[in-house]
Amino acid sequence: MTTTTDGFRARLGRFGVWLAPAPVLGATPAALEREQVARIEALGFGSVWVGEGAHGPKEIFAHLALLLAATDRLLVGSGIARVGNRTPAAMQAGAATLAEAFPGRLLLGLGVGITADTGDPRDPPVPAARATSDASPVAVMRRYLDAMTAAADTDAAAGGLAAPFPRLLAALGPRMLALARDHADGAHPFSVPVAHTALAREILGPDKLLVPEQVILDEPDPTAARALARRHLAAGSPTSPYARNLRRLGYGDDDFAHGGSDRLIDDRFAHGDPAALARRLTEHLDAGADSVLIRVPAPTLNAAVDTLARLADALPDAPAASLPQHI
């Protein structure tokens, strides 16, 4: 399957938004979500991305359709659609349906999906796609992509409607990034510092899309911001793929002790006034990102978008509204 990545790259704009599916979006009524995503579009951001859990809170393609229908030009991405939640044929059909209905506006982020060990039997602490397999995440993803491509070819041979959409992988390590280069249209790394963006671009090469996520903390006091960040990190496992990825980038045991060293916190979380936040986001662009997704930890969707509104004026060349609606 091929896509016109240059057209999507131009319409992504320099900055997009990543919205946490739980608990914020899971508790947000559809009417309010439509209102707030329209605000995001009006602020000039190029894209908005949402994900899904192992069993909710919202089914990803229904959710993407809601966001696409509520906006006029905004690109909408899955960050991520979990490959363990549906067959490759179902994933292909869901994405193809939306891509045809909303030309040039859908980006499909795919990942094996890691769940925390919550004690809930519905949440196994392994990638969902590997629950009954000994295969590596890279092998699982490669087989899944091949099966999606085969499903697309079958649909095309049967006369099905086709519209291009990029497939971006939730790639952290070198092997998954190489798979994103060779068998997909790019990567959507999550929970990464600027150093990872530079490494990802080196592995992906110049032609693939690279859309990392960056958490921002709208707190000018460094001590208070780091305290907020440490509470955020406390929810993550020290053996998670995100922690392993940080270790590959040179962070050691001292950086993970006592809630995280100042170095780790400052590299992983952007904090400060809007100008400082804009500088960090721009560093990802300078390191090779095509677009940077901004994540705002907030108790409500309204509060998150309020923070984005305060930030928007500080971002260089943020608006993407002048670009054509279709590619």
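Me: Leaving aside neighbours within four places in sequence, which residues is R263 in contact with?
Reply: The model is a predicted one. In it, R263 is found in helix 11, which covers residues 262-268. Setting aside the neighbours within four places in sequence, the residues in contact with R263 are G250, Y251 and D255.

Me: Which backbone atom does the side chain of R263 reach at 3.4 Å?
Reply: A polar contact takes a pair of N or O atoms within 3.5 Å. The side chain of R263 comes to 3.4 Å from its partner. That partner is the backbone oxygen of G250.

Me: What separates the C-alpha atoms of R263 and Y251?
Reply: Y251 is among the residues that R263 contacts. The two lie 12 residues apart along the chain. Their C-alpha atoms are separated by 8.9 Å.

Me: Does R263 count as buried, partly exposed or exposed, and what is the class called?
Reply: Buried means under 20% relative accessible area and exposed means over 50%. R263 has 41% relative accessibility, so its class is partly exposed.

Me: Which word describes how helix 2 and helix 3 are set to each other?
Reply: Helix 2 (residues 30-42) packs with helix 3 (residues 60-69) at about 50°, the axes being 9 Å apart. Angles under 35 degrees count as roughly parallel, and 65 to 115 as roughly perpendicular. Helix 2 and helix 3 are therefore oblique.

Me: Which residues in helix 3 are met by helix 2?
Reply: Helix 2 passes helix 3 in a right-handed crossing. From helix 2, A30, E33, R34 and V37 take part. In helix 3 they meet H63, L66 and L67.

Me: How do the residues of this contact of helix 2 with helix 3 divide?
Reply: Among the residues that meet are E33 and R34 of helix 2 and H63 of helix 3. The contact divides into 4 nonpolar, 1 polar and 2 charged.

How values were computed: Residues numbered from 1 in each chain as written. Predicted model: local features only at pLDDT ≥ 70, side-chain atom pairs only at ≥ 80, totals over all residues. Heavy atoms only, no water. Axes fitted to C-alpha atoms, helices over the stretch in contact; angles between N-to-C directions. Helix = DSSP H or I, 4+ residues; strand = E, 2+ residues; numbered from the N terminus. Parallel < 35°, antiparallel > 145°, perpendicular 65-115°, else oblique. Left-handed = near helix turned anticlockwise from the far one by under 90°. Contact = heavy atoms within 4.5 Å. Nonpolar A, V, L, I, M, F, W, Y, C, P; charged D, E, K, R; others polar. Buried < 20%, exposed > 50% of the residue type's maximum accessible area, 1.4 Å probe, protein only. Polar contact = N/O pair within 3.5 Å; in protein donor to acceptor, adjacent residues only side chain to side chain.
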